[in-house]
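The following questions ask why certain terms apply to a protein model. Each answer sets a value beside the rule that decides it.

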Amino acid sequence: MAFFMAAHSAIAGVREVDLVQKQKQTLLSFPPINPKAKGESLLGSGKVRLLLFWASWCPYCKQAIADLTPAYSQWLTKGAAFYVISIDETQASAETYLSRSPIRMPVWWGGIKAKKDFQISSLPTILILDDNNRILSEYAGYGGERYAYMKKRLNRLLQNHVEDE
């Protein structure tokens, strides 16, 4: 039984590396859809990154963005990068929403490809990545407890990131 577990872990580890590589390629393909995103890179900025996957039709996503916006500037000064990725079916849908309700954070359009490659099953989904593009935490759905825990986790990661430099 122990041998099976070790072999399974090794296979799972290889699969995770492949999945992360595929996700890196996906991130590079996203077009920016607001001025804050232009010239930004979703990969390896030497920072802890928070990726928020959302859709313009999702009321919980709108609430998450509203709740996270005040912390955005604070996290930037602590060395985090914060990126919002739309999984709307069309880029035009996301752009129409942004024209009526601008978002202060950088926004990209990932569409169905982002949903598939990142295995997004509920919205909003928040991923926290380290400066080596490894996924450290994932938060699917939105609610007060999830938000509080995610905020605590991000602050702890940022504190450790500063101490490591």
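Q: Where is the place of N34?
A: In this predicted model, N34 belongs to the loop between α1 (2–29) and β1 (48–54).

Q: Why is N34 called buried?
A: The relative accessible area of N34 is 8%. Buried means under 20%, so N34 is buried.

Q: What makes the approach of the N34 side chain to I103 and V107 a matter of polar contacts?
A: The side chain of N34 reaches the backbone oxygen of I103 at 3.3 Å and the backbone nitrogen of V107 at 3.0 Å. The cut-off for a pair of N or O atoms is within 3.5 Å, and one atom must be able to donate a hydrogen and the other to accept it. Both distances are therefore within the cut-off.

Q: Which residues does N34 touch, not counting residues up to four places away in sequence?
A: N34 touches L98, I103, M105, P106 and V107. To touch here means that heavy atoms are within 4.5 Å.

Q: What is the order of the strands in the open sheet, and which strands stand at the edges?
A: The five strands have the order β3-β2-β1-β4-β5, with mixed pairing. β3 (107–109) and β5 (135–140) stand at the edges: each has a single partner strand, so one side of each lacks a neighbour in the sheet. From one strand to the next, the twist averages 20°.

Q: How do you know that β1 and β2 pair?
A: Pairing requires at least two bridges between the strands. β1 and strand β2 (residues 80–86) pair over seven bridges, in the parallel sense, so the requirement is met. Within this pairing, L52 stands opposite V84 in β2.

Q: What does helix α2 touch as it packs on the sheet?
A: Helix α2 (residues 59–77) touches β1, β2 and β4 (125–129), and its direction makes about 155° with that of β2.

Q: What makes the link between K113 and D117 a salt bridge?
A: The closest N and O atoms of K113 and D117 are 3.0 Å apart. The rule asks for a side-chain nitrogen of Lys or Arg within 4 Å of a carboxyl oxygen of Asp or Glu, so the pair qualifies. A search of the whole structure finds one salt bridge. K113 and D117 both lie in helix α4 (residues 111–117), four residues apart, about one turn of the helix.

Q: Why is K113 called partly exposed, and D117 buried?
A: Partly exposed lies between the limits of 20% and 50%. K113, at 45% relative accessibility, therefore counts as partly exposed. D117 has a relative accessible area of 3%, which is under 20%, so D117 is buried.

Q: Are C58 and C61 buried or exposed, and how many disulfides does the structure hold?
A: C58 has a relative accessible area of 4%, and C61 has 0% relative accessibility. Both values are under 20%, so both residues are buried. The structure holds zero disulfides.

Q: Why does Q119 count as partly exposed?
A: Q119 has 47% relative accessibility, which falls between 20% and 50%, so Q119 counts as partly exposed. Q119 lies in the loop between α4 and β4 and has a positive phi of about 55° although it is not a glycine. P124 also has its place in the loop between α4 and β4, and the peptide bond from L123 to P124 is cis, with omega near -15°.

Note on methods
Residues numbered from 1 in each chain as written. Predicted model: local features only at pLDDT ≥ 70, side-chain atom pairs only at ≥ 80, totals over all residues. Heavy atoms only, no water. Helix = DSSP H or I, 4+ residues; strand = E, 2+ residues; numbered from the N terminus. Buried < 20%, exposed > 50% of the residue type's maximum accessible area, 1.4 Å probe, protein only. Axes fitted to C-alpha atoms, helices over the stretch in contact; angles between N-to-C directions. Disulfide = S-S within 2.5 Å.
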